[in-house]
Amino acid sequence: MFERFTKDARAVVIGATACAERADSSTVTEEHLLLSLLDLGGSRTDFAFTALGVMDRRAALEASLADVRRRGGMTKADEAALAGLGIDVGAIVARVEETHGAGALAGDRKDRRWWSGHRSFTREAKSALEKSLRIALGRRDRTIGAEHILLALVSGRGVVAEVLAEHGVTYGALERAMFGGTDGGAARAG
Amino acid sequence: MTEATELAERAGDRDPRVGLRAVAALRRLLEQLEAVQVRSARNQGWSWQEIAAELGVSRQAVHKKHGRL
């Protein structure tokens, strides 16, 4: 699969590992793939992010991601669903942090010992990369580019997809911004 | 945001989507809570055996899952 990755797509994967390293995370997540995509200049994805106003709101987007992480990976939609059961996620997070410190529910800990220095991709991040291949095939593109990784991220049901949607970044909006249409015809040119 | 609002509005009715979503979210929250508690117990010197007994699972299971914490 990786032999089909364009230079940009490879840069995104390598950049995601670097993002994980900077964040002291022992795993490479979908969030790191997104941050790496945001750092990738001069690409179709960069153009789409700018067109959708993401670059101007990057700080807000990153804050949303951090907030979800702090709340144990619960998005607004998750919290709403749990509220329907009478479960107050905010209260749980507050109690846990009171006892175990701020960010306790974020899971990944800086003090976690890492064994070899090798950071593995999470299941979700791996499946996003696999999905990018299917999306490229579906669009009849011969290579997998950064744009396919981005489409894979937003088409998932994960935290990253939801947070992006909260900021107006959806599959349809991205497809229009990157390929100029929804019929997929423009993709053949690439 | 719209999805969250929509879910909140439908939380009272019998839409399975809301209930299933809540279960999935709860499962993920549970995993995080378990990790926090296991880490805390280990920091306080609990053995894997003691932690496993409280969680109602085998020592091997808890060690395999949280051994790297």
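Chain A contains 10 helices and 2 strands, where helices (H or I, at least four residues) and strands (E, at least two) are DSSP runs, numbered from the N terminus. This is a predicted model, in which local features need pLDDT of at least 70 and side-chain atom pairs count only at pLDDT 80 or more, while totals for chains, interfaces and linings use all residues. Residues are numbered from 1 along each chain as its sequence is written, and chains are lettered from A and ligands numbered from 1 in the order in which they are written.

Let's begin with the two chains side by side. A residue is buried if 20 or more other C-beta atoms lie within 10 Å of its own, exposed if 12 or fewer, and partly exposed in between, with C-beta atoms placed from the backbone.

| Chain | Residues | Buried | Pattern along the sequence |
|---|---|---|---|
| Chain A | 190 residues | 43% | α-β-α-α-α-α-α-β-α-α-α-α |
| Chain B | 69 residues | 16% | α-α-α-α |

Chain B has 4 helices and 0 strands. In chain A, 64% of the contacts with a separation of 6 or more join residues 24 or more positions apart; two residues are in contact if their C-beta atoms, placed from the backbone, lie within 7 Å.

Next comes the core. A nonpolar core is a set of buried Ala, Val, Leu, Ile, Met, Phe, Trp, Tyr and Cys residues joined through C-beta atoms within 7 Å. The largest one has 57 residues, and the members that touch the most others are V12(A), L33(A), L37(A), I149(A), L150(A), L153(A) and V154(A). Helix 8 of chain A supplies the largest share of this core, with 7 residues. For a closer look, take I149(A): leaving aside its neighbours within four places in sequence, I149(A) is in contact with A9(A), V12(A), L33(A), L37(A), A128(A), L129(A) and S132(A).

Helix 8 (146-155) of chain A also helps to cover the buried residues of helix 10, as does helix 3 (44-51) of chain A. Those buried residues of helix 10 (residues 171-179) are L174(A), E175(A), M178(A) and F179(A). They lie on the same side of helix 10 of chain A because they cover an arc of only 100° around the axis, the arc being that of the directions from the helix axis to the C-beta atoms. Just after helix 10 of chain A, G180(A) has a positive phi of about 70°.

Helix 3 of chain A can be read in a similar way. Its buried residues are T45(A), A48(A) and F49(A). Since they cover an arc of only 100° around the axis, they sit on the same side of helix 3 of chain A. Their cover includes helix 2 (30-39), helix 8 and helix 10 of chain A. Just after helix 3 of chain A, G53(A) takes a positive phi of about 75°.

Now for a helix pair. The axes of helix 4 (residues 58-70) and helix 9 (residues 159-166) of chain A come within 10 Å and cross at roughly 140°. Helix 4 and helix 9 of chain A are therefore oblique to each other. On the helix 4 side of chain A, the contact is made by L61(A), S64(A), L65(A) and V68(A), and on the helix 9 side by V159(A), V163(A) and E166(A). Axes here are lines fitted to C-alpha atoms, for helices over the stretch in contact, and angles run from 0 to 180 degrees between N-to-C directions. Angles under 35 degrees count as roughly parallel, over 145 as roughly antiparallel, 65 to 115 as roughly perpendicular and the rest as oblique.

Finally, V13(A) is part of helix 1 (residues 7-22) of chain A. V13(A) counts as partly exposed because it has 19 C-beta neighbours inside 10 Å.
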